[in-house]
Amino acid sequence: MKTEEQSSTLTGQNPKIITPNKELVGVKKSEPKKEVTKEKTKLPKPTGWRMLVLPFRMKEKTDGGVILGTETIDRQQVASQCGNILAMGPDCYNDKDRFKDGPWCKVGDWVIFARYAGSRIEIEGGEVRLLNDDEVLATVQDPTDILHKF
């Protein structure tokens, strides 16, 4: 006759052993729950005529099935010329002499800017950039329509 430990080992399951104090060995105890904060509150708030832009990050897998390394993806994000506007300062596009037709873009738009424009700020999971309102060169509907070279 097989013991409980032998039978569970034969079936490929982890054995659960009960100790004298009635605790299960090999079973993780539940960890205390951490308070979840919104990621948006961690981002810097742009002031004046500046805007916060999240550079486009290419897919981890190419259409041909090649999986790209994290270093390659990070280098591409640093050199990216396309990004999504996360926030705008209170004075963005308020100069009526310079922007007679109104704002060039708004929060949520995909924009194109110079390759190394703006101030780069490292955050968890990548980086964001602070651009001046006049550093936006164009708007695009879909960032994947632009060829991203690194």
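A residue counts as partly exposed when its relative accessible area lies between the 20% under which residues are buried and the 50% over which they are exposed. By this criterion Arg120, at 46% relative accessibility, is partly exposed. The model described here is predicted, and the values given below are computed from it.

## Overall architecture

The protein chain contains two helices and eight strands. Along the sequence these elements follow the pattern α-β-β-β-α-β-β-β-β-β. Of the 150 residues in the protein chain, 27% are buried. The accessible surface of the protein chain comes to about 11,500 Å², and carbon and sulfur atoms account for 53% of that area. When contacts between residues at least 6 apart in sequence are considered, 65% of them join residues at least 24 apart.

## The six-stranded sheet

Six strands form an open sheet in the order 6-7-3-4-5-8, and their pairing is antiparallel. The edges are formed by strand 6 (119-123) and strand 8, each of which pairs on one side only. On average, neighbouring strands of this sheet are turned by 40° against each other, with direction ignored. Helix 2 (residues 70-78) packs on the sheet and touches strand 3 (50-55), strand 6 and strand 7. The direction of helix 2 makes about 5° with that of strand 7.

As a general principle, strands of a sheet pair through backbone hydrogen bonds, in either a parallel or an antiparallel arrangement. Strand 7 takes part in two of the pairings described here. With strand 6, strand 7 pairs in the antiparallel sense over five bridges, and Glu122 has Glu127 in strand 7 as its bridge partner. With strand 3, strand 7 pairs in the antiparallel sense over four bridges, and Val53 stands opposite Arg129 of strand 7. Strand 7 is mostly covered, five of its seven residues being buried. Elsewhere in the sheet, three bridges join strand 4 to strand 5, which run antiparallel. Asn84 has Trp110 in strand 5 as its bridge partner.

## Salt bridges

How many salt bridges does a search of the whole structure find? The search finds four. Three of the pairs are listed in the table, among them the pair of Arg98 and Asp134.

| Basic residue | Acidic residue | Closest N to O distance |
|---|---|---|
| Arg98 | Asp134 | 2.7 Å |
| Lys106 | Asp109 | 3.2 Å |
| Arg120 | Glu127 | 3.5 Å |

The closest N and O atoms of Arg98 and Asp134 are 2.7 Å apart. Arg98 lies in the loop between strand 4 (82-88) and strand 5 (110-113), and Asp134 in the loop between strand 7 (126-132) and strand 8 (136-140), so this salt bridge ties together parts that are 36 residues apart in sequence. Arg98 is partly exposed, at 46% relative accessibility, and Asp134 is likewise partly exposed, with a relative accessible area of 36%.

In the pair of Lys106 and Asp109, the closest N and O atoms are 3.2 Å apart. Lys106 is exposed, with a relative accessible area of 51%, whereas Asp109 is buried, with a relative accessible area of 19%. The value for Asp109 falls under the 20% cut-off, so the residue is classed as buried.

The side chains of Arg120 and Glu127 meet at 3.5 Å, N to O. Glu127 is buried, with a relative accessible area of 2%, whereas Arg120 is partly exposed at 46%. Arg120, Glu127 and Arg129 are linked in a network of salt bridges. Two members of this network also appear in the strand pairings described above: Glu127 is the bridge partner of Glu122, and Arg129 stands opposite Val53.

## Backbone features

Most residues other than glycine have a negative phi. Which residue has a positive phi although it is not a glycine? Tyr93 does, with a value of about 60°. Tyr93 lies in the loop between strand 4 and strand 5, the loop that also holds Arg98. Tyr93 is buried, with a relative accessible area of 3%, whereas Arg98 is partly exposed.

A positive phi also occurs in the hairpin of strand 6 and strand 7, where Gly125 takes a value near 95°. This hairpin has two residues between its strands.

Conventions
Residues are numbered from 1 along each chain as its sequence is written. This is a predicted model: local features need pLDDT of at least 70, side-chain atom pairs count only at pLDDT 80 or more; totals for chains, interfaces and linings use all residues. Side-chain values use heavy atoms; hydrogens and water are left out. Buried means under 20% relative accessible area, exposed over 50%, partly exposed in between (1.4 Å probe, protein chains only). Two strands pair if DSSP finds at least two bridges between them. Axes are lines fitted to C-alpha atoms, for helices over the stretch in contact, and angles run from 0 to 180 degrees between N-to-C directions. Contact means heavy atoms within 4.5 Å. Accessible areas come from the Shrake-Rupley method with a 1.4 Å probe; for residues, only the protein chains shown count as cover.
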